[in-house]
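Q: Please take one part of this model and go through it closely. I would like to know how it is put together, what packs against it, and how it sits in the rest of the chain.

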Amino acid sequence: MAFKQAFYLPLRRPYHCPQCRVRPARQRQKALMPRSFTTTVLRLAIAAPPVSFSSQEKLPPPNVQNARVVPASPSYFSGRPDFTDNLLNLQALLRKYLTLPTVTPGRAPRVAWRTVSQYRLLVGEPVRASKYHQVVEILKRLNQIHPAVMPTELHQAMHIYKRDVNPYAVIKQPSVVDEDGRACGIGRRKSSSAKVYLVPGEGEVLVNGKSITNIFGRIHDRESALWALKATNRVDKYNVWALVSGGGTTGQAEALTLGTAKALMVHEPDLKPALRRGRSPMSQSAFPSPILC
């Protein structure tokens, strides 16, 4: 019952005297007035007098002894100043030329950018791979700008990130049939490699100077080695001389498959669609793949 009586008691307002009611208004007026945070003693202790920029008074001559060197880059005091400057520069170029026409990623010029280790040697800073990935993404976007409207400024900015030798610029010379009627094809699989010479004949096969049955004991490996000829019904029309090395017998047989297919395309280029449709026996069960990709 005592709880109910205390609950229904009227609320008492705090008492304010007439002087206290006027005090907040005075405080607001003081807050609006300009304050001086330095006293007279502190003003006298200041090293230099206040400078007046009026036209009547002249500025004092500059003191060379108190001058300091201002860094040329705002990121001088950061951990990676050169990388930060490069990133900011590329971002500024991207914002500047964002509206230029672009080409599809597949038709853009193929460029081999520097790796993380090469870029670290270039700038001499421990740049993380994730940070350098941001630079490469911006470079790829800038590289998609149409070559006809590519500014010279972008060419110069992206040149430092390109490798010294561009592997994509090397044009592979097409293989031809030599005077003896031989076509050469090279195939690789894992750590195995095979160099195949294909000539018109009766279907004789020699691998490292031996019969194919002596090199590959498994029937699966022998079928895999000659699958390019079987898929195109050319087993009895060509002779095969091959040199294989490295890896195991399965890897050598699969390398021989690719080398035979390349040599066969030199003799008959029209067989490329058939070789693409042909499925190699090494991957027919789970993941079928064409002989030529």
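A: Start with the surface. The accessible surface of the chain comes to about 21,700 Å². Carbon and sulfur atoms account for 57% of that area. The model is predicted, so read every value below as computed from it. Of the 293 residues, 28% count as buried. The chain has 12 helices and 5 strands. Take contacts between residues at least 6 apart in sequence: 72% of them join residues at least 24 apart.

The part to look at is the sheet. The 5 strands form an open sheet, with mixed pairing. Their order is S1-S2-S5-S3-S4. The edges are strand S1 (183–189) and strand S4 (210–211), each of which pairs on one side only. In general, strands of a sheet pair through backbone hydrogen bonds, either parallel or antiparallel.

Begin at the S1 edge. S1 and S2 pair in the antiparallel sense, over 7 bridges. One bridge joins Cys184 to Tyr197 in S2. S1 and S2 form a hairpin with 2 residues between the strands. In that hairpin, Lys190 takes a positive phi near 55°.

Now cross S2. S2 and S5 also pair in the antiparallel sense, over 8 bridges. Here Tyr197 comes up again: Tyr197 stands opposite Trp241 in S5. Tyr197 therefore has Cys184 as its bridge partner towards S1 and faces Trp241 towards S5. As a rule, side chains in a regular strand alternate between the two faces of the sheet.

Go to the other edge. Strand S3 (residues 205–207) pairs with S4 in the antiparallel sense, over 2 bridges. Leu206 has Ser211 in S4 as its bridge partner.

Next, what lies on the sheet? Helix H11 (residues 249–267) lies across S1, strand S2 (192–200), S3 and strand S5 (238–245). H11 runs at about 150° to S1.

The loop between S5 and H11 holds Gly246. Gly246 is partly exposed, with a relative accessible area of 33%. Follow Gly246 back towards the start of S2. Gly246 and Ser191 are 55 residues apart in sequence, yet their C-alpha atoms are 5.8 Å apart. Leave aside the neighbours within four places in sequence. Gly246 is then in contact with Ser191, Ser192 and Gln252. Ser192 falls in S2 (192–200) and Gln252 in H11 (249–267), and Gly246 touches both.

H11 also leads to helix H9 (residues 219–225), by way of Asp221, which lies in H9. Leave out the neighbours within four places again. Asp221 is in contact with Phe216, Thr249, Thr250 and Ala253. Of these partners, Thr249, Thr250 and Ala253 fall within H11 (residues 249–267). Asp221 is buried, at a relative accessible area of 1%.

Asp221 also carries a charged contact. Asp221 forms a salt bridge with Arg218, the closest N and O atoms being 3.7 Å apart. The two ends sit in unlike surroundings: Asp221 is buried, whereas Arg218 is partly exposed at 45%.

That pair belongs to a wider set, as the structure holds 6 salt bridges. Another of them joins Arg182 and Asp178, at 2.9 Å from N to O. Arg182 counts as partly exposed, at 36% relative accessibility. Asp178 is partly exposed too, at 32%.

Away from the sheet, Lys96 forms a salt bridge with Glu153, with 3.3 Å between the closest N and O atoms. Lys96 lies in helix H4 (residues 81–96) and Glu153 in helix H7 (residues 152–159), so the pair ties together parts that are 57 residues apart in sequence. Glu153 is partly exposed, with a relative accessible area of 35%.

Stay with H4 for a moment. H4 has 16 residues and reaches 22 Å from its first C-alpha to its last, close to the 22 Å expected. The buried residues of H4 are Pro81, Phe83, Asn86, Leu87, Leu90 and Leu93. In an α-helix there are 3.6 residues a turn, so residues three or four places apart point the same way. The cover over the buried residues of H4 includes helix H5 (116–123), helix H6 (129–143) and H7. H7 thus appears twice: in that cover, and as the helix that holds Glu153, the partner of Lys96.

Terms used. Residues numbered from 1 in each chain as written. Predicted model: local features only at pLDDT ≥ 70, side-chain atom pairs only at ≥ 80, totals over all residues. Heavy atoms only, no water. Salt bridge = Lys/Arg side-chain N within 4 Å of Asp/Glu carboxyl O. Helix = DSSP H or I, 4+ residues; strand = E, 2+ residues; numbered from the N terminus. Buried < 20%, exposed > 50% of the residue type's maximum accessible area, 1.4 Å probe, protein only. Contact = heavy atoms within 4.5 Å. Axes fitted to C-alpha atoms, helices over the stretch in contact; angles between N-to-C directions. Expected span 1.5 Å × (residues − 1). Areas by Shrake-Rupley, 256 points an atom, 1.4 Å probe, with all protein chains shown as cover.
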